[in-house]
Amino acid sequence: MVAVKNLPALLAEHAFTQDLDADALAVLAGCAQNVRFRPDQSIFREGGRADWFYLLRRGTVALEMPIPGRGRTTIQTIRQGDILGVSWLFPPYRWNFDARAVTETGAIAFDAACLRGKCDADPALGYALMRRFAPYVSQRLQAARLQLADLYGDPNAAAG
Amino acid sequence: MPPRAETGAMLPRPARVRRATRETHDVVTLELEAEPEPADAPAAAQPGQFNMLYAFGVGEAAISVSDIADGTRGAVHTVRAAGAVTRALAALEPGMPLGVRGPFGTPWPLAACTGRDVLVVAGGIGLAPLRGAIAAIRRERDRYGRVTIIVGGRSPDTLIYAEDLAAWRADSTLQVETIVDHAGPAWRHDVGVVTDMLPRAQVDAERTTALLCGPEVMMRVAADALADRRVPADAIAVSLERNMKCAIGHCGHCQLGPAFICKDGPVLPWHRVAGLLREGEI
């Protein structure tokens with residue numbers, strides 16, 4: 001028989017939450033549910049309300065945006081162990097990209113309003129979560145800068 | 001070490017293109033067929049070294065050795081058409097002549113990789129100097145531990161060596177990750193910057209040697225990320241590209257601080273160049 005893990009146990013396994021204490025995991029689990037997405041299923045759309053936040057447990061998700069002349073363009077993929085969604089943290093709580101499951105994807109989904117409420121009620125928990133989000137946001141900013149720099153452009157186009 | 005007496009090192013040997021393969025819209029791989037060579041001909045190139053390729057009537061450019069063609073001493077070179085010389089080289093067709101000086105420079109430290117895990121990180125045409133190293137590793141796969149290859153590019157249509165990538169992915173002894181800056185929905189691999197893949201890679205800091213080649217910013221970020229994971233700087237090798245002219249350390253065009261990249265490099269341990277690459281211009 002396959003044992004079914006409860007949400008705190010699943011949260012304890014995820015890189016984003018694994019070092020939180022049991023009490024914090026139990027609080028977070030109160031806002032969470034297990035979700036699954038089929039390949040090519042839309043998870044959210046640009047401009048939509050950012051009411052959810054996801055921890056990916058398995059699979060791959062593409063962040064996309066339609067670009068005139070290029071069609072639907074993937075600007076980032078995220079995988080098992082990553083987080084999906086930052087826009088739920090700050091007003092206006094609106095997604096900036098489309099998210100689409102590339103493969104069969106499993107995630108823990110958090111009700112954003114519930115999670116913000118828990119953070120407001122327990123600043124220590126909120127701080128612990130923000131300390132986990134900040135490096136992720138910083139890393140994404142650095143990656144976006146590198147993409148903007150177009151590293152693979154030819155710096156010696158006029159030479160050799 | 002120069003391939004022979006320095007005057008000889010300055011004299012191009014005749015060669016012909018045996019095969020030309022278009023990799024992308026501006027990148028071509030040339031497989032050379034060397035003319036009969038004299039007894040004092042230089043040793044065959046090692047992965048990481050480069051040759052000076054001479055497009056007759058146009059000029060010379062330093063092009064890394066991507067492999068040695070099967071059963072011959074002819075080197076394989078991948079050329080991106082960027083300037084007058086490389087455009088002329090990339091336009092060569094089978095049977096057409098060119099001049100070759102070399103091989104020059106330092107190879108990848110494959111001997112030091114023996115018994116260790118190898119992490120290869122390549123960006124854009126930076127995969128070309130690493131292709132021969134990957135081939136050498138695959139030929140003697142048992143000599144190495146875990147081998148991870150991370151390849152980055154601007155978009156799927158700019159990735160070179162499609163056949164090699166397919167073969168590497170099909171090789172169960174290799175962990176291969178491919179990531180591009182942006183892609184259409186048909187792309188089934190990763191999208192982001194090549195350094196996004198490093199936190200996902202399995203790295204045992206004490207037994208990993210990293211071979212990095214690509215845009216310098218990419219190598220700096222990758223080397224820093226590996227250092228964060230406690231990989232020692234002397235276990236990280238980078239391949240640098242500079243304006244090589246003489247290729248034997250005389251003219252100074254490729255000088256980077258105290259190093260002549262043509263002679264002391266192009267492959268150098270990270271600890272020797274980390275500080276130099278953070279300077280704006282030297």
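Start by selecting B:T86 in this predicted model: the residue is buried, with a relative accessible area of 8%, and it is found in helix α2 of chain B, which covers residues 84–90. If you display the side chain of B:T86 together with the backbone of the preceding residues, you will find that this side chain reaches the backbone nitrogen of B:G83 at 2.9 Å.

Next, stay in chain B and select B:H77, which is found in strand β5 (residues 75–80). Is B:H77 buried or exposed? At 0% relative accessibility, B:H77 counts as buried, because the cut-off for that class is under 20%. Its side chain can be followed in two directions: the side chain of B:H77 makes a polar contact with the side chain of B:N51 at 3.1 Å, and the side chain of B:H77 also reaches the backbone oxygen of B:S64 at 2.9 Å. B:H77 and B:N51 are 26 residues apart along the chain, yet their C-alpha atoms are separated by 8.6 Å. Leaving aside residues up to four places away in sequence, the residues that B:H77 touches include B:V28, B:T29, B:L30 and B:L32, as well as B:L53, B:I63, B:V65 and B:S66.

Now colour the largest nonpolar core, which has 45 residues. Those that touch the most other members are B:L119, B:L212, B:L226, B:I236, B:V238, B:L240 and B:W270. Both chains should be visible at this stop, since α4 of chain A supplies at least two residues of this core, as does each of β3, β7, β11, α6, β12 and α7 of chain B. Which element gives the most to this core? That element is α6 of chain B, with five residues.

From α6 of chain B, move on to the loop between α6 and β12, which is the place of B:R230. B:R230 is exposed, with a relative accessible area of 65%, and its phi is near 75°, a positive value in a residue other than glycine. One further backbone feature of chain B can be checked in strand β6 (residues 97–104), where B:P103 is found; the peptide bond from B:G102 to B:P103 is cis, with omega near 10°.

Turn then to chain A, which has four helices and eight strands, with two helices at the N-terminal end of the order, the strands after them, and two further helices at the end. Of its 160 residues, 44% count as buried, and the C-alpha trace spans about 60 × 35 × 30 Å along its principal axes. Among contacts in chain A between residues at least 6 apart in sequence, 72% join residues at least 24 apart.

Within chain A, zoom in on the loop between β6 (83–84) and β7 (98–101), where A:P92 is found. A cis peptide bond joins A:P91 and A:P92, with omega of about 10°. A:Y93 is found in this loop between β6 and β7 as well; phi of A:Y93 is near 55°, a positive value in a residue other than glycine, and at 23% relative accessibility A:Y93 counts as partly exposed.

Finish with helices α3 (residues 112–121) and α4 (residues 123–149) of chain A, whose axes come within 5 Å and cross at roughly 120°. The two helices are therefore oblique to each other. To display their contact, select A:L115, A:K118, A:C119, A:D120 and A:A121 of α3, and A:P123, A:L125, A:G126 and A:L129 of α4. By class, this contact has six nonpolar, one polar and two charged residues.

Note on methods: Residues numbered from 1 in each chain as written. Chains lettered and ligands numbered in written order. Predicted model: local features only at pLDDT ≥ 70, side-chain atom pairs only at ≥ 80, totals over all residues. Heavy atoms only, no water. Axes fitted to C-alpha atoms, helices over the stretch in contact; angles between N-to-C directions. Parallel < 35°, antiparallel > 145°, perpendicular 65-115°, else oblique. Contact = heavy atoms within 4.5 Å. Nonpolar A, V, L, I, M, F, W, Y, C, P; charged D, E, K, R; others polar. Buried < 20%, exposed > 50% of the residue type's maximum accessible area, 1.4 Å probe, protein only. Polar contact = N/O pair within 3.5 Å; in protein donor to acceptor, adjacent residues only side chain to side chain. Core = buried A, V, L, I, M, F, W, Y, C linked by side-chain atoms within 4.5 Å.
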